[in-house]
Amino acid sequence: MNAQKRHEIFTRLREHNPEPTTELNWSTPFELLTAVLLSAQATDVGVNKATARLFPVANTPQAILDLGIDGLKEHIKTIGLHNTKAENLMKTCRLLVEQHGGEVPCTRAELEALPGVGRKTANVILNTAFGKPTIAVDTHIFRVSNRTGLAKGKDVVEVENKLLRHVPREFLQDAHHWLILHGRYTCVARKPRCGSCVIEDLCEFKDKVDIA
């Protein structure tokens, strides 16, 4: 795929959705970090239902610690793997209080040092909370990048690096959300909705499906 085609793809995605953002509900970097930590193998809708109960009671690291592990589990028990997620969140809160003054750090190294925070989660926080031009390659972005020919790669790191090289700078800040939303609602896994896709004529996928 050439640079002109990539530019047109993101131009159309921007026209279709000028201000893309995460579908997780959050108002502070810590709320976003909490929501992302809870989102593994869970839907954004499910996470939002849980955080709607949790955040009014505890939405800071210290407040989570004060709630206690049993109290935290009670608030997020509707989410899959909630026991493990609660343990990781408590450990993260303890580190945030002890090492960062209760604030979420804004560097990759410090974020990835937190329990349960890997490269993908760190990229989400850096991009969405702190406005850094990063791309967190999840299953949606990996699929869209490979299927369309936008940035082919055998693993998420290869796809991430290619996207960072090839996405035009003017689109880099929002590319993460455009690609996730496109993969979530249009370029879906089993039967992509090619008939209603705004970039169908630019996509290099050979087995297009005419489903509106």
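Here is a friendly exchange about a predicted model and some of its local features.

Colleague: Before we start, what is the mean pLDDT of the chain?

Modeller: This is a predicted model, in which local features need pLDDT of at least 70, side-chain atom pairs count only at pLDDT 80 or more, and totals for chains, interfaces and linings use all residues. Residues are numbered from 1 along each chain as its sequence is written, and side-chain values use heavy atoms, with hydrogens and water left out. The score itself is the predictor's confidence in each residue, from 0 to 100. Here 99% of the residues score at least 70, and the chain average is 93.

Colleague: Thanks! In which helix is confidence highest?

Modeller: Helices here are DSSP runs (H or I, at least four residues), numbered from the N terminus. Confidence is lowest in α7 (residues 119-129), with a mean of 93. The highest value, 96, belongs to helix α2 (residues 29-38).

Colleague: At what angle do the axes of α8 and α9 cross?

Modeller: Axes are lines fitted to C-alpha atoms, for helices over the stretch in contact, with angles from 0 to 180 degrees between N-to-C directions. Helix α8 covers residues 139-148 and helix α9 residues 156-166, and their axes come within 10 Å. The crossing is left-handed, that is, the near helix is turned anticlockwise from the far one by less than a right angle. The angle is roughly 65°.

Colleague: Which residues of α9 take part in that contact?

Modeller: Contact means heavy atoms within 4.5 Å. By class, the pairing of α8 with α9 has 5 nonpolar, 2 polar and no charged residues, where Ala, Val, Leu, Ile, Met, Phe, Trp, Tyr, Cys and Pro count as nonpolar, Asp, Glu, Lys and Arg as charged, and the others, Gly among them, as polar. From α8 come Ile141, Phe142, Ser145 and Asn146, and they meet α9 at Val156, Val159 and Leu163.

Colleague: Staying with α8, is valine 144 buried or exposed?

Modeller: Valine 144 sits in helix α8 and touches Gly149, Leu179, His182, Gly183 and Cys187, leaving aside residues up to four places away in sequence. Its C-alpha is 9.7 Å from that of threonine 186, 42 residues away in sequence. On a scale where buried is under 20% relative accessible area, exposed over 50% and partly exposed in between (1.4 Å probe, protein chains only), valine 144 has 1% and is buried.

Colleague: And why is cysteine 106 not bonded to cysteine 93?

Modeller: A disulfide is a pair of cysteine sulfur atoms within 2.5 Å, and a search of the whole structure finds 0. Cysteine 106 is partly exposed at 37% relative accessibility. Its closest cysteine sulfur is that of cysteine 93, and the bond is ruled out because the separation is 18 Å.

Colleague: How far is the nearest cysteine sulfur from that of cysteine 187?

Modeller: Cysteine 187 is buried, with a relative accessible area of 7%. It is in no disulfide, and the nearest cysteine sulfur belongs to cysteine 203, at 6.2 Å.

Colleague: One last thing: what is the phi of glutamine 41?

Modeller: Most residues other than glycine have a negative phi. Glutamine 41 lies in the loop between α2 and α3 (44-54) and is exposed, at 73% relative accessibility. Leucine 81, in the loop between α4 (61-76) and α5 (82-100), is also not a glycine and has a positive phi of about 60°. For glutamine 41, phi is positive, at about 55°.

Definitions and conventions:
Helices (H or I, at least four residues) and strands (E, at least two) are DSSP runs, numbered from the N terminus.
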